[in-house]
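Me: I'm new to reading protein structures, and I'd like a close look at a single part. Please pick one spot, stay with it for a while, and then show me how the rest fits around it.

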Amino acid sequence: MKRSILFTLLLCAGYSVFAGGYRVALQGNKQLAMGHTGVAVLNSTETVFFNPSGMAFLENKFSASLGANFIFSNISFQNSEFGWSSQADNPVSTPFNAYVAYKVNDWLSVGLGAYTPYGSSVEYPKNWEGSHLIQEIELQSIFIQPTVAIKINDKMSIGGGPIFATGSVNFTRNLDRSLTDLRGERANVSIEKTGINAWGYTLGITFRPSEKWTIGMNYRSEIEMEAENGTADFENVPEGLQGQFADGTFDATLPLPAELTVGTSYQVNDKWLFAFDLNRTYWSTYESLNLSFSNGIESVNPRNYKNSTTYRFGAQYKANEQFTLRGGYYFDESPVQEGYFAPETPRNDSDNFTAGLTFNVNSHFAIDASFLYIHFEEVDASYDYHPESNGQTSSFGGTYKNNAFIPGLSVSYKF
């Protein structure tokens, strides 16, 4: 006998959810400090992620960087009609990035990147009002990207490479709004899967009409993360229902959407550099999250995301040979449509303010610092497609408020 239970699974990514949906835009502290612009900025090995073709125009024979960010986030929920109030206790997350670029000769460069562009880490109070949708979720992933860039001439280059994605998911929720065992413990389900692997690719082009002006474009393909034979553990199920909710395995698929970024930068003089990126994420591929359990249960979870755009602005000021200062801003559209606002991704449109600096220890070593403050617009929203046992759907919603503070550090080496 098949029953439909609604629960949310996001997988194969890492860390708290920012930048719309489950995208985490923290792929380099130099570029993050400039509003996370970078598709037309040629100032570091972070171009391996932002636009691989940019490696062809890096000045040094070899360059490498290693960085991390520390995410402190807050989510509060309130429904004044029913007197509900909850606040998520999110653990501090630490996404990272590492890049290496090497110039083989005048026309060929190679590189390697490792980074974490998608994810979620949210923990709500036990048995909170929305625990039938989500209790706790932890997603982790690493993308590994070998890369090649070819310099066609002094004005143009192309680049790209395959992307290997590997990740894991751990998720818990209650089965419904009230089901308990004889001890009064809420019935719940936990799923876990590690070693979820998939492949994608990235392609980029850089065009330099002049020494001061750079134009860039980068495309990152959609990646389908397929979790097969993950562990499904049902707990505190009443004795009469244990046969239907037997422990077993589950299968699910989550799309990591394609992205297209175009941008430009202009080096006004020896001191000032300005950049602008427009990033389009094709979230419409995320129509529904469907799960199949080995005990016969099917879970259908409509999401109906829409494509979204992020508008990024950045500036860089070289104060002297030791210090370079950066600042930026970006507006990030949410892909979540009305009626589909689920608490595992409680993200509305957001204003994002960035700043940072580089301290050159010497001609080879440097330290980069960044800071990002995310302010999500307060939103009254609901998820209207939770299936009940009678076949009808119910709604859960209220007022969500959230924000995040994200400092970051990197070290880099070049010669």
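What follows is one long answer that begins at a strand and a loop and then moves outwards.

Reply: Before we dive in, keep in mind that this is a predicted model, where local features need pLDDT of at least 70, side-chain atom pairs count only at pLDDT 80 or more, and totals for chains, interfaces and linings use all residues. Residues are numbered from 1 along each chain as its sequence is written, and side-chain values use heavy atoms, with hydrogens and water left out.

Let's start with strand β11, which covers residues 223-235. Strands here are DSSP runs of E with at least two residues, helices are runs of H or I with at least four, and both are numbered from the N terminus. Find Asn229, which sits in β11. Its phi is positive, about 60°, although Asn229 is not a glycine. Asn229 counts as exposed because its relative accessible area is 54%; the cut-offs are under 20% for buried, over 50% for exposed, and partly exposed in between, using a 1.4 Å probe and protein chains only.

Now step off the strand to Asn236, in the loop between β11 and β12 (248-256). Which residues does Asn236 touch, leaving aside its neighbours within four places in sequence? They are Thr180, Asp181, Arg183, Glu185, Arg186, Ala187 and Asn188, where contact means heavy atoms within 4.5 Å. Look at Asn188 in that list: 48 residues separate it from Asn236 along the chain, yet their C-alpha atoms are 6.7 Å apart.

The side chain of Asn236 makes a polar contact of 3.0 Å with the side chain of Arg183. Also, a polar atom of the Asn236 side chain lies 3.1 Å from the backbone oxygen of Arg186. A polar contact is a pair of N or O atoms within 3.5 Å; within protein, one must be able to donate a hydrogen and the other to accept it, and residues adjacent in sequence count only if both atoms are side-chain atoms.

Arg183 has another partner, Asp181: the two form a salt bridge, with their closest N and O atoms 2.8 Å apart. That term means a side-chain nitrogen of Lys or Arg within 4 Å of a carboxyl oxygen of Asp or Glu. Side chains of opposite charge can pair when their charged atoms come close. Are the two partners buried or exposed? Arg183 is exposed, at 64% relative accessibility, while Asp181 is buried, at 12%.

The structure holds five salt bridges. Another one joins the side chains of Arg23 and Glu259, at 2.7 Å from N to O. This pair links distant parts of the chain, 236 residues apart: Arg23 is in the segment before α1 (29-33), and Glu259 is in strand β13. Both Arg23 and Glu259 are buried.

Since we've reached β13 (residues 259-267), meet Ser265, which lies in that strand. Ser265 is buried, with a relative accessible area of 5%. A polar atom of its side chain lies 2.6 Å from the backbone oxygen of Ala40. Beyond four places in sequence, Ser265 touches several residues, including Ala40, Val41, Trp213 and Phe274.

Now for the inside. The largest nonpolar core has 61 residues, and those with the most contacts inside it are Tyr22, Phe143, Ile191, Ile223, Phe234, Leu256 and Phe293. Our starting strand, β11, gives the most to this core, with five residues. Apart from it lies another core, of 10 residues, among them Leu32, Leu372, Phe376 and Ile406. A nonpolar core is a set of buried Ala, Val, Leu, Ile, Met, Phe, Trp, Tyr and Cys residues joined through side-chain atoms within 4.5 Å. In soluble globular proteins, nonpolar side chains tend to be buried together.

Two loop residues round off the tour. Asn304, in the loop between β16 (298-302) and β17 (308-318), has a positive phi of about 50° although it is not a glycine. Asn304 counts as partly exposed because its relative accessibility is 33%. Ser210, in the loop between β9 (188-207) and β10 (213-220), is partly exposed too, at 32%. From Ser210 to Arg347 it's 137 residues in sequence and 40 Å in space, C-alpha to C-alpha.
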